[in-house]
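User: I've got a model loaded and would like to talk through a few local features. Can you take me through them?

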Amino acid sequence: MGPFKQGLSFFRKHVYLRNGIYYFRLDIPSDLAHHFPTAEIKRSLKTRNPETARLAANRLELKALQGYALLRFGMLSDDMVRQLVDELVPQTRIVLPNASKANLLSSVIVTYTAEKQAGWTDKTKLEVEGVFKLLVDLLGDVEVTTITRPMLVELRSALLRVPPHFYKRNPGKSIKQAVTANEGPGISIKSVNKHMARIGSLLKYCHELAMITNNPATGLQLSEKQRADQERSIYSLEDVRSIMVNLPYDTGTPERYWVPLIGLYSGLRLNEICQLHIDDIVMIDDHWCFDINDTNDKRLKNAASARMVPVHPKLVELGLIRYYETLKAAKQPRLWMNLESIRLHGYTNGIGKWYARYNRDYVTEDPKKVFHSMRHTVADMLKQKGISEVVIAEILGHAHATITSGRYGKRYQPKVLLDALVQLEYETDIAAWQG
């Protein structure tokens, strides 16, 4: 095919005539669609001359293809991406006088929330409400059809400058002004990513309803530059000894003695320990176990959290079963009657605040060492003892690492898990419970 015919083929494919004016049209590749607010580049060439139109179209196509290549190789900064998108797909925001209120961001949020909230916990509902309030306050109550990727990139940058707990600490204040004026740290990257994920879900919903041509929020998560095992530091043996030897021995507050010890000798989550009922201490195959379940008012993190975890012999030696039997004889429903269930926090609120103070006063000032560090400590110690990751996952209530054992294999018998747990030895003497 000669150059003239090639040019003619291109001309017919990408250039069309409307009302005597030539226009350029080029599809945006599907792998790059998340960068653009539309599915195609559609531009007036502002000429009635076919040759002028052909030359202008060639230049525009070359610019687009070069831009696609740079995007694919990740060679552009966020600002450069915004500039490229604006050059290829100029955005002129037009507000129609009779625009449907159903397309306004606030209206879409109401509809989305009404449809999705059946599967949400109360905590999730509050979190979503906070995310969307922030979204509307920063973007404005715009039509969802006008939300572009560059707008969302700017939103992400703004989120990084949002002062922590802004609405709670500054009722009635302008979030936009606070973001502009803030020179200190904002909310964490992890929180920003949670916000962007929620916004992405909302715009995905809009895309599924054909309200927008694509979801401009995909792929906007920031790198947290941290491995999962570095998010919380483990306690050292010295830290663990400090926890144990300073525990308050007061029969009026037994949870302050037992909850940290159970955490260190089982790896149970704080809420799993705090919500234990009398019926959750069970005997299986001659072994005492914690039955971690979501019956009554108890809540679990996920399906894998439901499990049987043997009671460590050290806990039995210190008197946990005697304590349990005393409560059972008194017909008490739960192990820790001082703890009250509070909306969103369950039974952890009071003991969590107490432990935070105790941890700071007696153990460490390292902000990465918290109650949850006990799970990392247990996991690390078992790993160093040669316990398999699947057994550790079973003890901690994580999804199994392999399809074979996770989907088709039965759960380990208590004896197998107990053989692993007895490897937890902190070499510290503490007084047994006498209450």
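Analyst: Sure. One cut-off to start with: a residue counts as exposed when its relative accessible area is over 50%, and as buried under 20%. Also keep in mind that this is a predicted model.

User: Is Lys46 buried or exposed?

Analyst: Lys46 sits in the loop between strand E3 (40-44) and helix H2 (50-72). Its relative accessible area is 74%. The cut-off for this class is over 50%, so Lys46 is exposed.

User: What is the phi of Lys46?

Analyst: Lys46 is not a glycine, yet its phi is positive. The value is about 55°.

User: Which loop holds Asp285, the other non-glycine residue with a positive phi?

Analyst: Asp285 has a phi of about 50°. At 51% relative accessibility, Asp285 counts as exposed. Its loop lies between strand E4 (281-284) and strand E5 (287-292).

User: Now the helices. Are H5 and H9 roughly parallel or roughly perpendicular?

Analyst: Helix H5 (residues 122-139) packs against helix H9 (residues 189-208) with the axes 10 Å apart, at an angle of about 85°. Angles of 65 to 115 degrees fall in one class, so H5 is, relative to H9, roughly perpendicular.

User: How many residues of the contact of H5 with H9 are nonpolar?

Analyst: On the H5 side you'll find Thr124, Val128, Val131, Phe132, Leu134 and Leu135, which meet His195, Arg198, Ile199 and Leu202 in H9. Two residues of this contact are polar and one is charged, while the nonpolar ones number seven.

Terms used: Residues numbered from 1 in each chain as written. Predicted model: local features only at pLDDT ≥ 70, side-chain atom pairs only at ≥ 80, totals over all residues. Heavy atoms only, no water. Axes fitted to C-alpha atoms, helices over the stretch in contact; angles between N-to-C directions. Helix = DSSP H or I, 4+ residues; strand = E, 2+ residues; numbered from the N terminus. Parallel < 35°, antiparallel > 145°, perpendicular 65-115°, else oblique. Contact = heavy atoms within 4.5 Å. Nonpolar A, V, L, I, M, F, W, Y, C, P; charged D, E, K, R; others polar. Buried < 20%, exposed > 50% of the residue type's maximum accessible area, 1.4 Å probe, protein only.
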